[in-house]
Amino acid sequence: MLIDLHTHSSVSDGTETPTELLTSARDAGVDVVALTDHDTTEGWAEAERSRPPGLTVIPGMELSCRWFPDDQPPISVHLLAYLFDPGHPDLAAELDRLRSERLGRGERIVANLAADGYPLDWEEIAAGCAAGVVGRPHVARALVRAGVVGSVDEAFATLLNHRSPYYVAKRDTAVLDGIRLVRAAGGVPVFAHGLARRRGRVLDDGAVAAMAGAGLVGLEADHPDHEPDDSAHLRCLAADLGLLTTGSSDYHGTNKATPIAACTTEPDQLDALLAAGTGSAPYRD
Ligand code: AMP
Ligand code: FE
Ligand code: FE
Ligand code: ZN
């Protein structure tokens with residue numbers, strides 16, 4: 001069984017439509033794939049319609065959150081959410097807020113770059129994001145098209161990372177509220193790439209314990225941005241806190257070098273995740 005529980009389509013910041021993504025999954029021999037676009041469920045309907053026979057699709061999302069440490073600026077936290085009710089009013093309202101936050105913040109990043117002479121057109125970038133989920137990868141692709149950088153990776157390494165003078169943070173959901181919202185909508189919250197240090201500061205074990213106390217169900221232990229020690233630590237922490245563990249590729253099409261199913265989830269962990277989700281059902285034969 002090949003199980004990949006974290007992928008992005010062009011509905012957020014991947015490069016393949018949901019239909020193309022599911023075809024890629026099937027061609028790679030994947031049995032179970034979750035569609036987890038950032039802050040939107042817009043791709044779910046297409047995924048359900050275009051699912052290739054034999055492939056199980058788990059409807060999901062990656063919610064943009066923050067943790068507030070004592071006496072320090074907030075830390076970005078990505079919360080995977082599976083099998084929730086997309087019509088839950090409080091969750092839907094928070095997703096609307098997050099997407100409008102993305103639009104305002106994307107425009108500010110582009111304005112910062114344009115003020116220094118980088119040839120970017122905000123209207124064009126925003127028009128390329130049909131579901132309104134603008135992210136730095138869209139700005140990165142525009143920089144590639146303009147010939148400023150040779151690749152999306154180079155754009156992040158030079159101009160778009162969180163240390164860049166052009167960077168603007170988003171006012172993402174407080175993660176304990178995010179966990180409670182996902183649970184209220186019948187969903188299964190899983191902490192994504194918790195020790196991916198090159199993205200910025202990471203949470204300590206105490207913060208993860210607080211998340212478990214708020215209703216967190218799992219930790220993404222295996223991820224392309226984790227070192228072997230990180231994965232091992234997250235497995236120990238999950239055992240201590242009574243959480244399940246997943247492994248996933250965080251596939252973004254050609255926006256990242258990682259192939260689909262680069263990391264995978266064990267079948268017994270998938271079974272536990274499926275048993276915990278009550279807000280929506282997998283798409284399967
Ligand atoms: P944002 O949601 O706008 O803050 O952008 C974060 C997104 O950028 C992540 O979800 C990744 O898809 C992408 N990303 C972050 N770092 C890199 C990188 N070095 N190369 C390519 N994509 C990246
Ligand atoms: Fe992304
Ligand atoms: Fe993420
Ligand atoms: Zn992701």
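These notebook entries record what I looked up in a predicted model with two iron ions and a further ligand.

**Conventions**

I number residues from 1 along each chain as its sequence is written, and I letter chains from A and number ligands from 1 in the order in which they are written. For this predicted model, local features need pLDDT of at least 70, side-chain atom pairs count only at pLDDT 80 or more, and totals for chains, interfaces and linings use all residues, while side-chain values use heavy atoms, with hydrogens and water left out.

**Entry 1: iron ion, ligand 2**

I asked which protein atoms serve as donors of the iron ion (ligand 2). Donors are N, O and S atoms within 2.8 Å of the metal (3.2 Å for Na, K and Ca); water is not among the atoms, so sites may look incomplete. I found two OD entries for Asp13, together with NE2 of His38 and NE2 of His252, at 2.1 to 2.8 Å from the ion. Along the chain, the spacing is D-x24-H-x213-H. Asp13 lies in the loop between β1 (3–7) and α1 (18–27), and His252 lies in the loop between β8 (244–247) and α10 (267–276), 239 residues apart. Helices (H or I, at least four residues) and strands (E, at least two) are DSSP runs, numbered from the N terminus.

I then checked the geometry. The six donor atoms subtend angles of 50 to 160°, which makes the arrangement irregular. Irregular is what remains after these cut-offs: four donors count as tetrahedral if all angles lie between 85 and 135 degrees; four count as square planar and six as octahedral if opposite donors are over 155 degrees apart and all others between 65 and 115.

Are these residues buried or exposed? Buried means under 20% relative accessible area, exposed over 50%, and partly exposed in between (1.4 Å probe, protein chains only). Asp13 has 8% and is buried; His252, at 5%, is buried as well.

**Entry 2: iron ion, ligand 3**

I noted that the iron ion (ligand 3) is 5.5 Å from the iron ion (ligand 2). Its protein donors are Glu62 (OE), His78 (ND1) and His193 (NE2), at 2.0 to 2.2 Å. Their spacing reads E-x15-H-x114-H. I located Glu62 in strand β3 (residues 56–67) and His78 in strand β4 (residues 75–82), 16 residues apart. Glu62 is buried at 1% relative accessible area, and His78 is buried at 16%.

**Entry 3: ligand 1**

I counted as near any residue with a heavy atom within 4 Å of the molecule. There are 15 residues around ligand 1, and His38, Arg105, Arg136, Asp153 and His252 come nearest. I also looked up distances between atoms. A polar side-chain atom of His38 is 2.9 Å from an oxygen atom of ligand 1. For Arg105, a side-chain N or O atom lies 2.7 Å from an oxygen atom of the ligand.

**Entry 4: aromatic pairs**

How many aromatic pairs does a search of the whole structure find? I recorded two. Rings of Phe, Tyr and Trp (its six-membered ring) pair if their centres lie within 6.5 Å; planes under 30 degrees apart count as stacked, over 60 as edge-to-face and the rest as tilted. Trp44 and Phe84 form a tilted pair, 5.0 Å centre to centre with 55° between the planes. Trp44 is buried at 7% relative accessible area, and Phe84 is buried at 0%. The ring centres of Tyr118 and Tyr166 are 5.8 Å apart and their planes stand at 85°, so I entered this pair as edge-to-face. Tyr118 is partly exposed at 24%, whereas Tyr166 is buried at 11%.

Terms used. A polar contact is a pair of N or O atoms within 3.5 Å; within protein, one must be able to donate a hydrogen and the other to accept it, and residues adjacent in sequence count only if both atoms are side-chain atoms.
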